[in-house]
Amino acid sequence: MSRVRVLVGTRKGAFILTSDGKREQWEVSGPHFAGWEVYHLKGSPVDPDRIYASQSTAWFGQLIQRSDDGGANWRPVGNEFAYEGEAGTHQFYDGTPQPWKFNRVWHLEPSLTDPDTVYAGVEDAALFRSDDGGQTWHELPGLRGHGSGPQWQPGAGGLCLHTILLDPRQSGRITVAISAAGTFRSDDSGKTWQAINRGLRSEGIPDEDAEVGHCVHHIAMHPDRPDTLFMQKHWDVMRSDDGGDTWREVSGDLPTDFGFVIDVHAHEPETVYVVPIKSDSEHFPPDGRLRVYRSRTGGGEWEPLTNGLPQRDCYVNVLRDAMAVDRLEDCGVYFGTTGGQVYVSADSGGTWAPIVRDLPPVLSVEVQTLP
Amino acid sequence: MSTDTPDPGTPSPETAMVRVVLPAHLRRLAQVDGEVRLSVTGRPTQRSVLDALEARYPMLRGTIRDHATQRRRAFVRFFACERDLSHEPPDAPLPASVADGTEPYLVVGAMAGG
């Protein structure tokens, strides 16, 4: 029977939650790297026992940890992230030039074909790659250098590259998202890049439909339909059907179109999940009711999913990398909250239950579907 | 209380055994319990002690000093003999009582919330 392994990054360590295919009884291991912020963990799709983790603190900086046995044992690998060449400047919040400075790794994306190759999205925004299992890292400088880099500015969480999508059909296509710069795509394995933000509108910037400057919170893609991308922007839920060349809004009847997470059902490329958050100044669910919204029409029309979720006095947030889906026949959907809960639905969102209730604030959730 | 100060006139010993105390997070990372004892060639300085520390425990590289600049990370402090050495030049000799192993060299995470 298939199993699932849920990888949870929190403000004070990592946790690994495992269950069989029923997803009712769970074992919890952790905290791994106790006391450190773990922004993200992710397993290789080629070798699920190979897991990479981003561990950091303001005190002691960045570490990358690697497990070769499914998270039972870990060892630190390379942690030197040096920008290529003259680092230059981006914009600070007030629009003044700010030297590029490495702060942390937000997201790790293992290659679809090689367990030793892994990408790292970092703050200040840049894309790095390792081809030796995380021992050494080199920047793909064409992203920062493609022209608009000096205009990029940080979102509230920093100038972070937080989303990395690898196209399973076109091996050289990489799509990334940066807060608050926007979305960028390479079709030559990261050598050259172009901004792909046409159709995005953001009221917080002087030119509302500028080429860059949009606070993209997260992007999701179904592997069978890689040209269709779903985006949760600061405000607005967006959709592209041409690999990001153009975007259109699909917020539809959502109670608020602010939020952080977005994901796509494992077997239904038109079924999409978001967690609406009240506003950019009130980072909690509207009316104190934690609701996942599901669209079965690729956006536009949304239904609230509430069964098993708190419907009063709930004021948690769900951060951008804290939702994932498994690939079991009855697709499981998972998300973690800043209140330390990790919820699972084993029936595509119909009913929910907490796996754990009292972890530190959850930063990221990934799930591995195992034989 | 020690009042040791560097004494450049003292002949350098060939090797010194320096005691280093790491903060809990870094002890766990380096998988050590208690103090670390490091053999340092010549009169110990902060740079030579940290070089020796990182040579024995490569996983600590980048956690105390920046990889590229070798400058102390902002939230890390260096204490010895009840003095804050964080802003001393990295190549200044350490106090004699650190060099002879009487007093430890402390790597400390700055107090800045939790």
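**Exercise 1.** Let's start with strand β16 (residues 182-186) of chain A in this predicted model: find out why β16(A) counts as largely enclosed by the rest of the structure.

*Solution.* Begin with the burial cut-off: a residue is buried if 20 or more other C-beta atoms lie within 10 Å of its own. Apply this along the strand, and four of the five residues of β16(A) turn out buried, so the strand is largely enclosed by the rest of the structure.

**Exercise 2.** Work out which strands β16(A) is joined to, beginning with β15 (residues 174-179) of chain A.

*Solution.* Step one: β15(A) and β16(A) run antiparallel and are joined by five bridges. One pair to look up is I174(A), whose bridge partner in β16(A) is S186(A). Step two: look at the connection, where two residues lie between the strands of this hairpin. Step three: turn to β17 (residues 194-195) of chain A, which is antiparallel to β16(A) and joined to it by two bridges. Here Q194(A) in β17(A) stands opposite R185(A).

**Exercise 3.** Describe the side of chain B that touches chain A.

*Solution.* First count: 13 residues of chain B are in contact with eleven residues of chain A. Next, locate them: helix α1 (residues 24-30) of chain B gives the largest share of that side, three residues. Finally, sort by class: seven are nonpolar, five polar and one charged.

**Exercise 4.** Decide how far to trust chain B, starting from its mean pLDDT.

*Solution.* The mean is 89, and 87% of the residues of chain B reach 70 or more. Now check residues 1-9 of chain B, where pLDDT stays under 50. Where pLDDT is low, the predicted coordinates should not be read in detail. For the whole model, the scores are ipTM 0.89 and pTM 0.95.

Key:
Residues are numbered from 1 along each chain as its sequence is written. Chains are lettered from A and ligands numbered from 1 in the order in which they are written. This is a predicted model: local features need pLDDT of at least 70, side-chain atom pairs count only at pLDDT 80 or more; totals for chains, interfaces and linings use all residues. Two residues are in contact if their C-beta atoms, placed from the backbone, lie within 7 Å. Ala, Val, Leu, Ile, Met, Phe, Trp, Tyr, Cys and Pro count as nonpolar, Asp, Glu, Lys and Arg as charged, and the others, Gly among them, as polar. A residue is buried if 20 or more other C-beta atoms lie within 10 Å of its own, exposed if 12 or fewer, and partly exposed in between; C-beta atoms are placed from the backbone. Two strands pair if DSSP finds at least two bridges between them. pLDDT is the predictor's confidence in each residue, from 0 to 100.
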